[in-house]
Amino acid sequence: EIEKEQYEQIAECFPKQRKPAKISNLDVLNAALCVMENGCKWRSLPKEYGDWHVIYVRINRWAKKGVLEQAFLRLQQLGVIQIQVNVVSLDSAYIKVHPDGMGALKKTECKPSEEQGGVEPKLHMVAASDRDGVIFSLSAGNRGDGPEGRTLLQQLGPADHPVYLLMDRAYEGDETRALAVELGYIPIVPPKSNRKDPWAYD
């Protein structure tokens, strides 16, 4: 939890309360930290924090106005909290779209989506967990995973400490692995079965 003395260092990040509130900004912030740390639902917040709905409404308002982003950035700058990601994953998936949603025409020789480079669009993403996306892009369905993956890594930039990069065989090309190493990542990817010089993989 954030202590009162620590909160006073970031108090200017939060809107000033016009009248005394039943739940202070500090309690609301600590309630949000509780939800993030335990992955619980807002309704399951311990009663000691106060009315969960009041807390949720205020947190939602702060998030939309960028208050939380500014506050957490300030907390990291002060060293109050430290967030370090040691493992990320790179992968892609097709986005299934109903033909009506793609503007398909009746009795045509080819679908509009096929003319644009693929039956279905593809989502490419670097993620820190199953709930935390770091960066993503959308492409045509026939766009290769390797080139799109390298573009994402370049946009993400170099790591400030060694970070494991988990990938599947679609990204095992020499160019992708070399770029990952250059940016400070440790590529963890299985070699294809036809590799003449496969590397050890666990």
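Reader: How far apart are the end C-alpha atoms of helix 3?

Author: Helices here are DSSP runs of H or I with at least four residues, strands are DSSP runs of E with at least two, and both are numbered from the N terminus. Helix 3 has 14 residues, and at 1.5 Å a residue these should span 20 Å; the expected span is 1.5 Å times one less than the number of residues. The prediction agrees with that, since the end C-alpha atoms are 20 Å apart.

Reader: What kind of model am I looking at, and which atoms do the side-chain values use?

Author: This is a predicted model, where local features need pLDDT of at least 70, side-chain atom pairs count only at pLDDT 80 or more, and totals for chains, interfaces and linings use all residues. Residues are numbered from 1 along each chain as its sequence is written, and with hydrogens and water left out, side-chain values use heavy atoms.

Reader: OK, the big picture: how many helices and strands does the protein have?

Author: Read along the sequence, the pattern goes α-α-α-α-β-α-β-β-α-β-α-β. Tallied up, that comes to seven helices and five strands.

Reader: And what share of the residues count as buried?

Author: Buried means under 20% relative accessible area, exposed means over 50%, and partly exposed is in between, using a 1.4 Å probe and protein chains only. Of the protein's 202 residues, the buried share is 33%.

Reader: Back to helix 3: which helices are among those covering its buried residues?

Author: The buried residues of helix 3 are Ile55, Arg58, Ile59 and Trp62. They cover an arc of only 100° around the axis, which puts them on the same side of helix 3; the arc is taken from the directions from the helix axis to the C-beta atoms. Contact means heavy atoms within 4.5 Å, and what covers these residues includes helix 2 and helix 4.

Reader: Which residues on the other side of helix 4 are exposed?

Author: Helix 4 (residues 67-78) buries Val67, Leu68, Ala71, Phe72 and Leu75. Seen down the axis, these fall within an arc of 120°, so they line one face of helix 4. Their cover includes helix 2 (25-38) and helix 3 (52-65). Over on the other side, the exposed ones are Glu69 and Gln77.

Reader: Now the sheet: which strands stand at its edges?

Author: The five strands form an open sheet with mixed pairing, in the order 3-2-1-4-5; two strands pair if DSSP finds at least two bridges between them. Each edge strand has a single partner, so one side of it is left without a neighbour in the sheet. Those edge strands are strand 3 (133-139) and strand 5.

Reader: Which residue of strand 4 is the bridge partner of Val88?

Author: Strand 1 (residues 87-94) pairs with strand 4 in the parallel sense, over three bridges. Strand 4 is also joined to strand 5 (residues 185-188) by four bridges, again in parallel, with Val163 partnering Tyr185. For Val88, the partner in strand 4 is Leu165.

Reader: Which side chains of strand 4 are buried?

Author: In a regular strand, side chains alternate between the two faces of the sheet. Strand 4 (residues 163-166) alternates like this, with Tyr164 and Leu166 pointing to one face and not buried. The buried pair, pointing to the other face, is Val163 and Leu165.

Reader: What handedness does the unit of strand 4, helix 7 and strand 5 have?

Author: Helix 7 lies across strand 4 and strand 5, at about 150° to strand 5; axes are lines fitted to C-alpha atoms, for helices over the stretch in contact, and angles run from 0 to 180 degrees between N-to-C directions. A crossover is right-handed if, with the strands pointing away from the viewer, the path from the first strand over the helix to the second runs clockwise. Together, strand 4, helix 7 (residues 174-182) and strand 5 make a β-α-β unit that is right-handed.

Reader: Which elements do the buried residues of helix 6 pack against?

Author: Helix 6 (residues 145-156) runs at about 135° to strand 3. Its buried residues include Gly149, Leu152 and Leu153. They pack against strand 1, strand 2, strand 3, strand 4 and helix 7.

Reader: Last one: how far apart in space are Ile95 and Gly141, C-alpha to C-alpha?

Author: Ile95 is in the loop between strand 1 and helix 5 (112-115), and at 32% relative accessibility it counts as partly exposed. In sequence, Ile95 and Gly141 are 46 residues apart. In space, their C-alpha distance is 8.8 Å.
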